[in-house]
Amino acid sequence: VSTLCKHSGEHLVGVACQGEGWAWHSQRVVLAKLFFFSSFDNHLPSNVYHHLKPTVAPGFAYSWLELVSHRIFVQRLLVQTPQQKGWPLFQVLLIDAFTFLTPFLRNADLAKPVQLFYKGTLRVLLVLLHDFPEFLCEYHFAFCDVIPPNCIQMRNLILSAFPRNMRLPDPFTPNLKVETLPDISHAPSVIATYLDNISRNIKSVGVLLHMTVM
């Protein structure tokens, strides 16, 4: 614990994760008490959880999901942090969860442990959809870019979010014309750097074409 307090980054994770006898449950309790009930900067617990993501420590996946979705931690990042500075930190953690699930979801190969993690992630999204829909609206590009296209349920949960101060029109209204609605003229607010993702994908396609020609 003293090492956790004094250091951060890759060195911290190297110390915390070394050895096969790492007591996951005990470390989960330590991390929860250390970060939830302390005055640490939000970047420290977020960085630690990011370095302990399920792709790095799959044995810690259930406890990791419990920690990052804890009501105190979510409230701290999405509500108590001023100027939405905690939103990008929580976005990274959600993408870590999606990245872990992506290879299993793409191949539709979900063993029992992966199914439990998937259901837990869906429940986190449902909580965010109910309590923090603006967060899902702002980062829907980044989330859907990671989630495979065949994951219709998970993608629809994210895409169905809309700001709480907005009232959606009744789709069963006779002669409804979407182009005449007042809100259609307002561009949505998007924080995610989707242009960077597009540029990265274009470069990847360019490299593949170059290798094919060669």
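Let's start with Gln-84, which at 39% relative accessibility counts as partly exposed, because the partly exposed class runs between 20% and 50%. Keep in mind as we go that this is a predicted model. You can find Gln-84 in the loop between H6 and H7. Its backbone deserves a look too: Gln-84 is not a glycine, yet its phi is positive, at about 55 degrees. As background, most residues other than glycine have a negative phi.

Now, Gln-83. This residue also lies in the loop between H6 and H7, and its phi is near 60 degrees, again a positive value in a residue other than glycine. Is Gln-83 buried or exposed? With 68% relative accessibility, Gln-83 counts as exposed, since the cut-off for that class is over 50%.

Let me step back to the whole chain. What is the secondary structure made of? There are 12 helices and 0 strands, so to speak a run of α after α when you read along the sequence. The chain has 214 residues, and buried ones make up 36% of them. Among contacts with a separation of 6 or more, 68% are between residues 24 or more positions apart. As for the outside, the chain exposes about 13,400 Å², and 59% of that comes from carbon and sulfur atoms.

Next, please find helix H8, residues 112-131. With 20 residues at 1.5 Å a residue, H8 should span 28 Å, and its end C-alpha atoms are 29 Å apart, so the two agree. The buried residues of H8 include Val-114, Phe-117, Tyr-118, Gly-120 and Leu-128. Which elements cover them? The cover includes H5, H6, H7, H9 and H11.

Two other buried residues of H8, Thr-121 and Val-124, bring us to my last stop, since both also line the largest cavity. How many cavities of 30 Å³ or more does a search of the whole structure find? The search finds 1, and its volume is about 50 Å³. Helices H5, H7 and H8 each give two or more residues to the lining. H7 gives the most, with 4 residues. Besides the two from H8, the lining includes Trp-64, Leu-65, Phe-90 and Leu-94. By type, the lining divides into 8 nonpolar residues, 2 polar and no charged. Ser-69 is part of that lining as well, if you want to pick it out on screen.

That's my tour, and thanks for listening!

Methods
Residues numbered from 1 in each chain as written. Predicted model: local features only at pLDDT ≥ 70, side-chain atom pairs only at ≥ 80, totals over all residues. Heavy atoms only, no water. 1 Å grid on protein atoms, 1.4 Å probe; cavity = no way out; pocket = protein on both sides within 12 Å on 5 of 7 lines; lining within 4 Å. Points joined across faces, edges and corners; volume = space filled by probe spheres on them. Nonpolar A, V, L, I, M, F, W, Y, C, P; charged D, E, K, R; others polar. Expected span 1.5 Å × (residues − 1). Buried < 20%, exposed > 50% of the residue type's maximum accessible area, 1.4 Å probe, protein only. Contact = heavy atoms within 4.5 Å. Areas by Shrake-Rupley, 256 points an atom, 1.4 Å probe, with all protein chains shown as cover.
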